[in-house]
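Work through the exercises below with the sequence and the model at hand. Each task is followed by a solution in steps.

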Amino acid sequence: MTSSHEEVRTRFLAAMGRGRLHHAWLLHGPSGVGKAELGRHLAGDFLCERNRGGGGEAACGACHACRLMAAGSHPDFLLVERAWDEKNKRHKRDLGVDQVRAMLDFLSLSGAESERRAALLSGAELMNAQAANALLKGLEEPGEGSLLILTCADVTRLPATIRSRCLLAPVRPLDDAACEARLAAAGMPADVLPFALRLAAGRPGRVMALLEPDIASALMEWDELTRDLGRGDVGRIQAWIAAHVRHAPHELIAETALANARPALEAPPPDAAAMDALMDAAWRLAAWPEEARRRTLNPATSLLAHVLALRVALRAAGREAARA
Ligand SMILES: [Zn+2]
């Protein structure tokens, strides 16, 4: 089976080989599936010297252009992503109009190494309205020899006017073998790999925090604590939250507990009320990372409340299932 990543790249190379490459590609799919990495490969194919005369080959990996790409210093490749806000120690909320204008200027110039230039705009759904307007103008007047690759986790959040001017290429989660290969290549230790693979569910980029040994051991302990949450030890759960909620990524905390509750969520509903309560508790836990980001209340308190509510709901659903 070929992955959607390979399908997109094959399609891209074929179009380039025919001299009919669309000037703007929109790679869309869930977060963590590797859209930006795929985008870099496409840009590398576009800039590789073996394709300069108009070929459609995969990047050779050996020419001057490929070496510059690998070193992250190709003068004709630009990566645009959310800026880092040093003061608040996090990424800015959106992609700004200045960033988009600078990118369009970059694409309008002739390349330094050849006539080609490529830009990768990561997280296009994060553009604010002004930025999206600026991009729209750029899409209407593409520069000669320019390639724009956009990645987007939620294509419905992009204006239809932008979507309609791009070539849409869906990127799906990886199958287990490809996901495992990707995690292993990133250096995921063998003892963490099975857990990482289960948690990633085909989106390796979501679990890269597990490369950090402290985070991996904390989350694997959390996995064990929430494995049979209905019977879970409340004292140990509380102690774990107090010790780890500050440094373990909130998305992964929620996802670990939810992955363990999934068999109960997917079981045939024993009782409508019990099932509703279970769904509601799971939904609240899934929404907790965002809730913790937005509100100033103590994330440990709200996490404990959500986990205990899920525990109660799992017990109730378990009782109903036993009665049925
Ligand atoms: Zn090359």
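**Exercise 1. The sheet**

Task: In what order do the strands of the open sheet of 5 strands lie, and which are the edge strands?

Solution. This is a predicted model.
Step 1. The strand order is β2-β5-β6-β1-β7, and the pairing is parallel.
Step 2. β2 (77–80) and β7 (167–170) each pair on one side only, which makes them the edge strands.
Step 3. On average, neighbouring strands of this sheet are turned by 20° against each other, with direction ignored.

**Exercise 2. The surroundings of β6**

Task: Which strands pair with β6, and over how many bridges?

Solution.
Step 1. Strand β1 (residues 24–28) pairs with β6 in the parallel sense over 5 bridges. Within this pairing, Leu 148 of β6 stands opposite Ala 24.
Step 2. Strand β5 (residues 117–121) also runs parallel to β6, and 5 bridges join them. Here Ala 118 has Leu 147 in β6 as its bridge partner.
Step 3. Between β5 and β6 the chain passes through helix α5 (residues 129–140), and this β-α-β crossover is right-handed.

Task: Why can strand β6 be called largely enclosed by the rest of the structure?

Solution.
Step 1. The cut-off for buried is under 20% relative accessible area.
Step 2. In β6 (residues 146–152), 7 of the 7 residues are buried, so the strand is largely enclosed by the rest of the structure.
Step 3. In a regular strand, side chains alternate between the two faces of the sheet.
Step 4. In β6, Ser 146, Leu 148, Leu 150 and Cys 152 point one way, while Leu 147, Ile 149 and Thr 151 point the other way; all are buried.

Task: Which strands do helices α1 and α4 lie across?

Solution.
Step 1. Helix α1 (residues 4–17) lies across β1, β6 and β7, and runs at about 150° to β7.
Step 2. Helix α4 (residues 97–108) lies across β2, β5 and β6, and its angle to β5 is about 160°.

**Exercise 3. Nonpolar cores**

Task: How many residues does the largest nonpolar core have, and which helices supply at least two residues each?

Solution.
Step 1. The largest nonpolar core has 47 residues. Those with the most contacts inside this core are Leu 210, Leu 219, Trp 222, Trp 240, Ile 241 and Ile 253.
Step 2. The helices that each supply at least two residues of the core include α7 (176–185), α8 (193–200), α9 (213–226) and α10 (234–244). Also among them are α11, α12 (272–294) and α13 (299–323).
Step 3. The largest share comes from α13, with 8 residues.
Step 4. A second, separate core has 27 residues, including Leu 95, Met 103, Met 127 and Cys 152.
Step 5. For one residue of the largest core, Trp 222, the contacts beyond four places in sequence are Ile 237, Trp 240, Ile 241, Ile 253, Thr 256, Ala 257 and Val 307.

**Exercise 4. Two residues of α11 and one of the loop after it**

Task: Is Glu 255 buried or exposed?

Solution.
Step 1. Glu 255 is found in helix α11 (residues 250–266).
Step 2. Its relative accessible area is 15%. The limit for buried is under 20%, so Glu 255 is buried.
Step 3. Leaving aside neighbours within four places in sequence, Glu 255 is in contact with Leu 199, Arg 203 and Arg 206.

Task: Is Thr 256 buried or exposed, and which residues does Thr 256 touch?

Solution.
Step 1. Thr 256 is in helix α11.
Step 2. With a relative accessible area of 1%, Thr 256 is buried.
Step 3. Residues up to four places away in sequence are not counted; Thr 256 then touches Phe 195, Leu 199, Leu 219, Trp 222, Asp 223 and Thr 226.

Task: Where is Asp 271 found, and what is its relative accessibility?

Solution.
Step 1. Asp 271 is found in the loop between α11 and α12.
Step 2. Its relative accessibility is 26%, so Asp 271 counts as partly exposed.
Step 3. Asp 271 and Ala 316 are 45 residues apart in sequence, and their C-alpha atoms are 9.6 Å apart.

**Exercise 5. The chain as a whole**

Task: What separates the centres of domain 1 and domain 2?

Solution.
Step 1. The domain assignment gives domain 1 (4–170) and domain 2 (212–323).
Step 2. Taken over C-alpha atoms, the centres are separated by 38 Å.
Step 3. Along its principal axes, the C-alpha trace of the chain spans about 70 × 40 × 35 Å.

Conventions. Residues are numbered from 1 along each chain as its sequence is written. This is a predicted model: local features need pLDDT of at least 70, side-chain atom pairs count only at pLDDT 80 or more; totals for chains, interfaces and linings use all residues. Side-chain values use heavy atoms; hydrogens and water are left out. Helices (H or I, at least four residues) and strands (E, at least two) are DSSP runs, numbered from the N terminus. Buried means under 20% relative accessible area, exposed over 50%, partly exposed in between (1.4 Å probe, protein chains only). Contact means heavy atoms within 4.5 Å. A nonpolar core is a set of buried Ala, Val, Leu, Ile, Met, Phe, Trp, Tyr and Cys residues joined through side-chain atoms within 4.5 Å. Two strands pair if DSSP finds at least two bridges between them. A crossover is right-handed if, with the strands pointing away from the viewer, the path from the first strand over the helix to the second runs clockwise. Axes are lines fitted to C-alpha atoms, for helices over the stretch in contact, and angles run from 0 to 180 degrees between N-to-C directions. Domain bounds come from an automatic or database domain assignment.
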